[in-house]
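Subject: Structure handover

Hi,

Here is the structure I promised to pass on. Please open it alongside this email.

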Amino acid sequence: MRGIQLTEHGGPEVLQCSELPEPQADGKVLVEVKMAGINRRDALIREGAGPQYRPPLPLILGSDAAGIRRDTGEEVIVFPSLNWGGSDACAGPDFSILGGPSDGTYAELIAVPEENLFPKPKRMAWAEAGALALSGVTAYRALFTVGQLKQGQTVVILGAGSGLSLLALQLAVKAGARVAVTSSNHDKINLAKELGAVAGVDYTVDDWELTLRDEIGEADLVFDSVGSTLQESVMMLKPGGAVVALGGTENQGVVEDFDIRTLYLAHKRVLGTAMGSPRDFAGLLDMVEDGSIDPIIDSVYPLDEAAAAHAQLDSNLRFGKIVLSTD
């Protein structure tokens, strides 16, 4: 089979398509991959960006996929949270994510535990289904399981343009929330408004958080995948509101000069979350089943152009998800 096996850390150029042995089932289900979504996590592992992103090599990258079960012919979507455990409060001690340390989805054929296969949403095209799982379950859990977002509440989503933030935007709008976004790109803000955002602000401008707060009022929830923006996120909250922290895409998530008084004096909260449980994923699939929500696809690359796809990811010029096709 063809696959992208990481043998050394580095830039996109280290991703080369090669002939690899087909995986053995060994109690798992073989899935013929149609589309495999690319996530920021894949690039961090490719770079070896820190201890948590240095699983043993060689490794087939990738957490997202949609394809066809070889045993039954069913169309399926792969849920990338392995061994979550029985609690919805947090993942258990054996939890891991597909695509590091275990081989992932950048291949024509993968072996996956049967409990990690769900029916592909019938109205969803292959590219969208292949890009849904990791970003979708992360956004769903952050907004609803952890953030407890309700109809009529106001949520600010940082960084409009990523696949994660755009899915969060669509989910929040469908739930009846009032959504605002941030971006350094005014075209991305305008595109987010087409998806239902009521406002957007350029985060490169000084005191952008105060500008946004003046425009929309105080927020019930801030969806923060940036990390280093924690102080600004807290400043946008109403008393009793919450920041859902789920990433550290800027400055490795390090928060500097945070005034703890802005948190506790107004009874504000910071809630951490990552990935999601099988129950979260089932909830996500229920929300997208009617076809009203789709991952926004920036571009689709052939599997053997994975290096070019990662270069596009690294450029931050994208709007939505980048996907690899095995066809």
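Below is what came out of it, topic by topic.

Please note that this is a predicted model.

The annotated domain. An unreviewed UniProt entry annotates residues 10–324 as "domain: Enoyl reductase (ER)". Over that stretch, the chain is 28% helix and 24% strand. The C-alpha atoms at the two ends of the stretch are 20 Å apart.

Helix H3 and its contacts. Start with helix H3, residues 133–146. H3 packs against helix H4, residues 163–174. Their axes are 9 Å apart, at an angle of about 50 degrees. Roughly perpendicular starts at 65 degrees and roughly parallel ends at 35, so H3 is oblique to H4. The crossing of these two helices is right-handed. From H3, the contact uses Ser135, Gly136, Thr138, Ala139, Tyr140, Leu143 and Phe144. From H4, it uses Gly163, Leu164, Leu167, Ala168, Leu171 and Ala172. By class, the H3–H4 contact has 9 nonpolar residues, 4 polar and no charged.

H3 also meets helix H9, residues 278–288. Here the axes come within 9 Å and cross at roughly 100 degrees. H3 and H9 are therefore roughly perpendicular to each other. On the H3 side, the contact residues are Ala133, Gly136, Val137, Tyr140, Arg141, Phe144 and Thr145. On the H9 side, they are Asp280, Phe281, Gly283, Leu284 and Met287. This contact divides into 7 nonpolar, 3 polar and 2 charged residues. Gly136, Tyr140 and Phe144 of H3 appear in the contact with H4 and also in the contact with H9.

Aromatic pairs. The count comes to 5 aromatic pairs. One of them is Trp84 with Phe95. Their ring centres are 5.5 Å apart and their planes stand at 80 degrees, so the pair is edge-to-face. Trp84 and Phe95 are 11 residues apart, both in the loop between strand S7 (81–82) and strand S8 (96–97).

Backbone points to check. There is a cis peptide bond between Leu57 and Pro58, with omega about 0 degrees. Pro58 sits in the loop between helix H1 (40–47) and strand S4 (59–60). A cis peptide bond also joins Gly100 and Pro101, with omega about 20 degrees. Pro101 lies in the loop between S8 and strand S9 (109–112). Finally, Gln148 is not a glycine, yet its phi is positive, near 55 degrees. Gln148 belongs to the loop between H3 and strand S11 (154–157).

Best wishes

Methods
Residues are numbered from 1 along each chain as its sequence is written. This is a predicted model: local features need pLDDT of at least 70, side-chain atom pairs count only at pLDDT 80 or more; totals for chains, interfaces and linings use all residues. Side-chain values use heavy atoms; hydrogens and water are left out. UniProt positions are given in the numbering used here, feature names are shortened, and annotations may be inferred rather than shown by experiment. Helices (H or I, at least four residues) and strands (E, at least two) are DSSP runs, numbered from the N terminus. Axes are lines fitted to C-alpha atoms, for helices over the stretch in contact, and angles run from 0 to 180 degrees between N-to-C directions. Angles under 35 degrees count as roughly parallel, over 145 as roughly antiparallel, 65 to 115 as roughly perpendicular and the rest as oblique. A crossing is left-handed if the near helix is turned anticlockwise from the far one by less than a right angle, and right-handed if clockwise. Contact means heavy atoms within 4.5 Å. Ala, Val, Leu, Ile, Met, Phe, Trp, Tyr, Cys and Pro count as nonpolar, Asp, Glu, Lys and Arg as charged, and the others, Gly among them, as polar. Rings of Phe, Tyr and Trp (its six-membered ring) pair if their centres lie within 6.5 Å; planes under 30 degrees apart count as stacked, over 60 as edge-to-face and the rest as tilted.
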